Amino acid sequence: MRLCDCEQRPAATSLYDFPEAWVDSLHLLAETPHGRRRLLRCPNCGQRWQLDPDPRNYSPSSALHGAPRDKWPCLALKVPRDADWDHFDERPARIAYLIASRGGIGSGRCRWRDCTELALHGSAYCPEHTYDGVP
Ligand SMILES: [Zn+2]
Ligand SMILES: [Zn+2]
């Protein structure tokens, strides 16, 4: 049995796709106030992951409370070895997850103003505009 499969995972993975034992084995490196973002390290390979708060044991006073569940799924994001976590841009990984979770890109154009991007499968808007909550 392999100890972890960090290398095979995409940049963003649902936290619930991971074995619980692996999540429990992670070492906490840093966290922002109220645990909104947490940086953890895999003890087997050293890969750093940013974990979203688990909604099952998360304070309802959080900013995420009431947000649509599909916009804020509980994700684990890979933090590249050379990235400075304070300035880590999580947007690309979250958008990549959005595309994968919606079944890819469709054939129509995004309906947002002058946007020329292709819309998400089954959606009127491209991934960027869907992510930004348009309309
Ligand atoms: Zn690992
Ligand atoms: Zn667009």
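## Strand β4 and its two faces

In this predicted model, strand β4 is covered on both of its faces. On one side lie R48 and Q50, on the other W49 and L51, and all of these residues are buried. This arrangement can be read alongside a general pattern. In a regular strand the side chains point alternately to one face of the sheet and to the other.

## The neighbours of β4

Strand β4, which covers residues 48–51, pairs with strand β5, residues 75–79, in the antiparallel sense, and 4 bridges link the two. Within this pairing, R48 has V79 of β5 as its bridge partner, while the bridge partner of W49 in β5 is K78.

Strand β3, made of residues 38–41, is also joined to β4 by 4 bridges, and these two strands run antiparallel. Here L39 stands opposite Q50 of β4, a residue that is itself buried. Strands β3 and β4 form a hairpin with 6 residues between the strands, and in this hairpin G46 takes a positive phi near 85°.

## The sheet as a whole

Which order do the strands follow across the sheet? The open sheet is formed by 5 strands in the order β1-β5-β4-β3-β2, with antiparallel pairing. The edge strands are β1, residues 12–14, and β2, residues 27–31, each of which pairs on one side only. From one strand to the next, the twist averages 30°.

Conventions:
Residues are numbered from 1 along each chain as its sequence is written. Chains are lettered from A and ligands numbered from 1 in the order in which they are written. This is a predicted model: local features need pLDDT of at least 70, side-chain atom pairs count only at pLDDT 80 or more; totals for chains, interfaces and linings use all residues. Two strands pair if DSSP finds at least two bridges between them. Axes are lines fitted to C-alpha atoms, for helices over the stretch in contact, and angles run from 0 to 180 degrees between N-to-C directions. A residue is buried if 20 or more other C-beta atoms lie within 10 Å of its own, exposed if 12 or fewer, and partly exposed in between; C-beta atoms are placed from the backbone.
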